[in-house]
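Grab a coffee and open the model in your viewer. Below are a few short exercises, each with a solution to follow step by step.

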Amino acid sequence: MERKYVELYPSLGLLTLGAYARTQRIVPTIVDLTFARDLAPVRAAIRDAQPDLVGVHTKSLTARRAMEVARMAAGAGVPSVAGGPDAATRPELYLDGGFDAVVPGEGERTVVDLTERAASGETLVGTPGSVTRTGGKLTRGPPRSFLRDLDELPLPAWDLIDMDGYLGRWERRTGERRAAVLTSRGCPFDCSWCSKPTFGRTYRQQSPERVVAELEALRARFRVDYVRFCDDVFGVNRRWLEELLDRMDRSGLDLKFECLARVELLKPDLLARMRTLGLARVYVGVESGSQKMLDLMNRGTRLAQIERAAESLRTEGIRQFWFLMLGYPGETLDDIEATLRLFRRFSPEEYSVSIAVPVPGTRFYDSVRERLKPPARRRASTGGTALLFEAAYPRSMYRWEQARFDLEAALRRAHGRLSDRLIAQIANAADRFHERVATPLILGTGAAARARSARTVRSPRPVPAVTPVRPG
Ligand code: B12
Ligand code: SF4
């Protein structure tokens with residue numbers, strides 16, 4: 001799944017945990033399974049390193065695999081601990097699945113404590129910042145406060161993983177040596193489908209000086225020439241961002257970079273400056289073209305802000321990657337139509353349209369908890385194409401709508417090869433097919449379905465204008 005859908009970057013959480021542990025006289029080994037076919041490297045590492053503690057970084061998609069590692073550790077007589085977003089959300093699941101402890105929050109200081117306890121044969125129960133189970137009862141250690149100053153964190157322990165494996169793959173694919181950098185922890189916003197169990201709504205940033213030191217190290221040690229800023233939201237604080245840009249400018253780093261940003265932060269003057277410093281792509285959480293849906297998702301953004309940001313990115317010739325979501329509760333076919341209209345208007349260079357995934361621990365998940373599909377059907381949930389709960393429409397409807405976005409993108413790519421008239425004809429035929437055939441067929445031929453499909457009938461689209469995009 002990772003090879004097919006996901007951009008390859010190592011886990012920055014694990015690299016920082018490793019680096020921090022080293023400063024506390026612990027000798028960490030990272031077994032990075034990104035390129036592995038099975039768990040054999042874990043077995044080998046447990047045998048060779050004889051660790052006092054085995055820790056696993058967890059995401060919902062990898063829960064089962066994580067538990068296999070816990071069982072492997074137990075088989076070798078080594079205690080295990082789970083951290084990362086999924087274990088933080090549902091510690092019981094991981095404790096039931098064989099882990100001795102879960103770290104639901106920031107891990108640096110807790111993992112050091114746990115390792116020292118494990119090494120000296122002490123119990124892990126009651127360790128600050130941990131959750132354990134004793135006699136069927138959950139025991140939470142005293143809460144641990146967040147690190148006050150992120151600048152105190154050492155540079156990620158890149159030497160503990162196969163950086164060349166990542167960089168070489170990027171180089172073969174794009175000609176660039178790409179690496180990930182994190183400048184902050186947390187996010188002050190509150191979208192209802194977002195899982196934020198580790199840092200909640202807190203927000204801390206490293207100093208611009210520290211960020212540039214990391215960029216320089218990546219450049220000097222690994223010849224990195226393209227950086228992905230992996231922050232939940234990059235550049236929340238305008239003054240901080242200006243200072244970072246000043247420092248990047250002065251350092252003469254000459255890197256290309258990309259980031260994920262919220263539309264209200266993408267002001268034209270800022271984008272112009274960022275572009276001259278190497279900004280090549282921005283991931284934009286557009287999600288929906290319907291204000292009603294944005295409000296239901298608690299996105300805190302206005303459609304007008306999305307439009308302005310998309311326009312500014314286009315003017316600057318910065319690639320935009322839109323995230324779009326279908327199927328969020330409350331969405332009707334009219335809302336999907338509004339999203340498609342927005343998509344047509346701005347034609348982002350890249351996009352993903354996924355069916356909404358209720359991630360455990362989110363308000364969205366709680367709102368559909370009673371309507372979740374059985375676990376066996378949820379397992380096939382890769383790539384944003386599965387419908388994991390009983391939504392307003394059947395899965396086939398969402399798959400069909402996803403196909404309409406893909407057709408739209410394909411038609412846009414065909415500009416120059418096919419005449420504008422032919423493209424407009426294909427698009428109109430596809431729209432009519434959607435309205436008169438596909439929708440009534442998928443939804444059944446009942447009166448409600450007919451009424452719904454009738455509402456979405458539009459007049460034929462005009463021949464689209466080709467928008468010139470300034471080369472980046
Ligand atoms: C950057 C990022 C990516 C990047 C890089 C991923 C990577 N390899 O790290 C890319 C774009 C590739 C990506 C892909 C995906 N991501 Co992502 N990603 C993030 C993001 C924005 C930042 C991750 C990060 O570096 N955090 C900062 C570090 C410091 O925090 P951390 O990893 O949580 O680690 C700390 C603690 O959790 C703890 N800890 C972590 N591990 C361990 C282990 C032990 C033993 C211990 C004790 C402690 C501990 O200590 C660490 C330091 O304090 C997070 C959101 C977030 N804020 O975490 C989403 C997030 C992790 N991603 C998410 C998802 C869903 C995905 C995808 C599945 C999306 C998709 N459908 O393709 C894929 C999965 C890819 C994969 N195999 O990891 C979800 C996970 C939700 C969940 N419950 O599973 C998150 C939380 C986003 C969200 N809000 O929903 N992602
Ligand atoms: S989706 Fe992005 S902006 Fe919204 S709460 Fe999550 S991290 Fe913050």
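**Exercise 1. Find how many bridges join β11 to β12, then walk across to β13.**

Solution. Start at strand β11 (residues 279–287): five bridges join β11 to β12, and the two run parallel. Strands here are DSSP runs of E with at least two residues, helices are runs of H or I with at least four, and both are numbered from the N terminus. Now pick Y283, whose bridge partner in β12 is F321. From F321, step on to E350, the bridge partner of F321 in β13. A second step of this kind leads from L324 to V353 in β13. In total, six bridges join β12 (residues 319–326) to β13, again in parallel.

Before going on, a word on the model: it is predicted, so local features need pLDDT of at least 70 and side-chain atom pairs count only at pLDDT 80 or more, while totals for chains, interfaces and linings use all residues. Residues are numbered from 1 along each chain as its sequence is written, and chains are lettered from A and ligands numbered from 1 in the order in which they are written.

**Exercise 2. Place these strands in their sheet and name the edge strands.**

Solution. Two strands pair if DSSP finds at least two bridges between them. By that rule, six strands form an open sheet with parallel pairing, in the order β6-β9-β10-β11-β12-β13. At the edges are β6 (178–181) and β13 (350–355), each of which pairs on one side only. From one strand to the next, the twist averages 15 degrees (axes are lines fitted to C-alpha atoms, and angles run from 0 to 180 degrees between N-to-C directions).

**Exercise 3. Describe how domain 1 meets domain 2.**

Solution. First, set the bounds: domain 1 covers 10–140 and domain 2 covers 150–394, as given by an automatic or database domain assignment. Their C-alpha centres lie 28 Å apart. Next, look at the contacts: 21 residues of domain 1 touch 20 residues of domain 2, where contact puts C-beta atoms, placed from the backbone, within 7 Å. On the domain 1 side, α2 (12–23) and α5 (85–89) are the elements that give two or more residues. The largest share, eight residues, comes from α2. By class, this side of domain 1 has 11 nonpolar, six polar and four charged residues. Here Ala, Val, Leu, Ile, Met, Phe, Trp, Tyr, Cys and Pro count as nonpolar, Asp, Glu, Lys and Arg as charged, and the others, Gly among them, as polar.

**Exercise 4. Work out what surrounds ligand 1 and ligand 2.**

Solution. Take ligand 1 to begin with: 39 residues surround ligand 1, and the closest are G13, G55, K59, G83 and G107. A residue belongs to such a shell if its C-beta atom, placed from the backbone, lies within 6 Å of the molecule. Helix α2 turns up again, giving the largest share of this shell, five residues. Each of domain 1 and domain 2 supplies at least three residues to the shell around ligand 1. That shell divides into 18 nonpolar, 12 polar and nine charged residues.

Then turn to ligand 2, surrounded by C187, F189, D190, C191, C194, D232, V233, R262 and G285. Its shell has five nonpolar, one polar and three charged residues.

Terms used. Contact = placed C-beta atoms within 7 Å.
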